[in-house]
Amino acid sequence: MFVSTNYKKIATMRSLLTLLFSSSLLLSTLHAQKFEHLADTPPMGWNSWNYFNCDGINENVIKEVADAMVSSGMRDAGYAYIVMDDCWQTGRDAGGTIIADPDKFPSGMKALADYIHSKGLKFGLYSDAGRQTCQKRPGSRGYEYQDARTYASWGVDYLKYDWCNTGDQNPVESYTLMRDALYQAGRPVVFSICEWGLGKPWLWASDVGHLWRTTGDIRNNWTQPDAKEGKVWGGGVLIILDMQQGLEQFAGPGHWNDPDMLEIGNGVLTPAEERAHFSLWCMLAAPLMAGNDLRTMNDLTRSILTNPGAITIDQDPLGKQGFKLKDEGLFEIWKKELDGGNYAFCFLNRGEEALDYVIHWKDLDITNGYTVENIWYNENETNTDGTLSIRIHPHDVVLLRLTR
């Protein structure tokens, strides 16, 4: 009897130890998982919202955009994700599973994802941490694990997770909950935190998501602010740019500040402003998410979005976010450290008149021995052994790459 009881105690203890070990291993795996190396450089892709908003998306449109991403050369330039924003979902079935709009997506999300994957691209979806999305569609609150499993079964590779209709929810808890749900579902997913910077996600989100919005929504203009409750929340290109100051210390491989999507090709910004917009986002090591209609973009838009020199600066493996080195009001100099001891400089003219500027490299902490490449204007290469005179047109930039 004594031996039997002792044996049972030992067996029970072994079972408990095994369970504890397994649980500990699972938690450790979940914590360490973070779907490593999915975003060692800032993600590049396309999102439906800026151009199509809520009513313009459907199965055929998304397929055609995927086709255009390939035929335009954007896929080969590094753009990988086709992300469908709000309004794809209509409700939940009796078991709680999210339902895609059957009129707009008659073939279903799995078939759409399969089509996008067949093009050598990746598929992204949108949801919200609240009970409803920004457009009053069903959010993921209370269904996090179920939605994550559903997305995995469909083949989703990227999740943009918004912050509308969240009431008194805690953003750290809400985003961590969905992160853990994605981990448990098991399919590697880039997790895009769209909390608008309200809870300073740069302070806590590096172990939760791969990128986090630092501001409210970008608007399709150059300088106009977008205010909420008396505070600037988002706005045009320069408004969003100004809100990135001081955040460079929080960005790096696998965790990026996100100043929102690109407005290039949407018909309001001038060519100079589009060039500046793209250059500055590349200097910020920002995710490059095109927001135009890829099916109808002209050659100029395509040439900006696929500029190899600018993209190389954005995708630099060192993962340093650029910072403002000099501010003279209407004239700014931005500096970005690159891999191999190289650098990028962006000279921004915010004003209405052309500016002439003589670069003295020592004033920018640059020594002799660098080759200087002008990214946009394809001028003859020079070096840092002397000075360099540049002209910066209104609302435009000069973007230079310095290579040893």
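Strand β14 (residues 331-338) runs antiparallel to β15, and the two pair over eight bridges. This is a predicted model, and the report starts from that pair of strands before turning to the cores, the pockets and the cavities.

**The open sheet around β15**

Within the β14 and β15 pair, I333 has F347 of β15 as its bridge partner. Three residues lie between the two strands of this hairpin, and G340 takes a positive phi near 75° there. β15 also pairs with strand β20 (residues 396-403), again in the antiparallel sense, over seven bridges. In that pairing A344 stands opposite R401 of β20.

These strands belong to an open sheet of six strands with antiparallel pairing, in the order β13-β14-β15-β20-β17-β18. Its edge strands, each pairing on one side only, are β13 (323-327) and β18 (382-383). Towards the β18 end, strand β17 (residues 371-374) pairs with β18 in the antiparallel sense over two bridges. T371 has N383 in β18 as its bridge partner.

How many residues of strand β15 (residues 342-349) are buried? Eight of its eight residues are. In a regular strand, side chains alternate between the two faces of the sheet. For β15 both faces are covered: one side carries N342, A344, C346 and L348, the other Y343, F345, F347 and N349, all of them buried.

**Nonpolar cores**

The largest nonpolar core has 102 residues, and the members that touch the most others are M84, W88, M109, F278 and W281. Beyond its neighbours within four places in sequence, F278 is in contact with Y79, L262, I264, L288, I304, L305, A310, I311 and W376. Another core, of 18 residues, lies apart from the largest one; I333, Y357, V372 and L402 are among its members. I333 is also the residue that has F347 as its bridge partner in β15.

**Pockets and cavities**

Rolling a probe the size of a water molecule over the atoms shows where empty space is left. A search of the whole structure finds three cavities of 30 Å³ or more. The table gives the volumes of the two largest pockets and the two largest cavities.

| Space | Volume |
|---|---|
| Largest pocket | about 410 Å³ |
| Second largest pocket | about 350 Å³ |
| Largest cavity | about 100 Å³ |
| Second largest cavity | about 50 Å³ |

The largest pocket is lined by 14 residues, and those nearest its centre are W196, L198, K231, V232 and W233. Strand β10 (residues 231-235) supplies the largest share of this lining, three residues. By class the lining has six nonpolar, four polar and four charged residues.

The second largest pocket is lined by 23 residues, with W49, D162, D217, R219 and W233 nearest its centre. At least two lining residues come from each of α2 (49-52) and β6 (158-162). Nine of the lining residues are nonpolar, four are polar and ten are charged. W233 is thus placed among the residues nearest the centre in the largest pocket and in the second largest pocket.

Which residues line the largest cavity? They are N47, V83, Y158, K160, S192, L211, R213, D258, D260, M261, P287 and M289. β6 and β8 (211-213) each contribute at least two of them. The lining divides into six nonpolar, two polar and four charged residues.

The second largest cavity has ten lining residues, and R179, Y183, F191, V208 and H210 lie nearest its centre. Helix α7 (residues 171-185) gives the most to this lining, with three residues. In terms of class, six residues of the lining are nonpolar, two are polar and two are charged.

**T215**

T215 lies in the loop between β8 and β9 (225-228). Is T215 buried or exposed? It counts as buried because its relative accessibility is 0%, and the cut-off for buried is under 20%. Leaving aside neighbours within four places in sequence, T215 is in contact with W196, G197, W233, I240, M243, Q244 and P259. Of these contacts, W196 and W233 also lie among the residues nearest the centre of the largest pocket.

Definitions and conventions: Residues numbered from 1 in each chain as written. Predicted model: local features only at pLDDT ≥ 70, side-chain atom pairs only at ≥ 80, totals over all residues. Heavy atoms only, no water. Core = buried A, V, L, I, M, F, W, Y, C linked by side-chain atoms within 4.5 Å. Buried < 20%, exposed > 50% of the residue type's maximum accessible area, 1.4 Å probe, protein only. Contact = heavy atoms within 4.5 Å. 1 Å grid on protein atoms, 1.4 Å probe; cavity = no way out; pocket = protein on both sides within 12 Å on 5 of 7 lines; lining within 4 Å. Points joined across faces, edges and corners; volume = space filled by probe spheres on them. Helix = DSSP H or I, 4+ residues; strand = E, 2+ residues; numbered from the N terminus. Nonpolar A, V, L, I, M, F, W, Y, C, P; charged D, E, K, R; others polar. Pairing = 2+ DSSP bridges.
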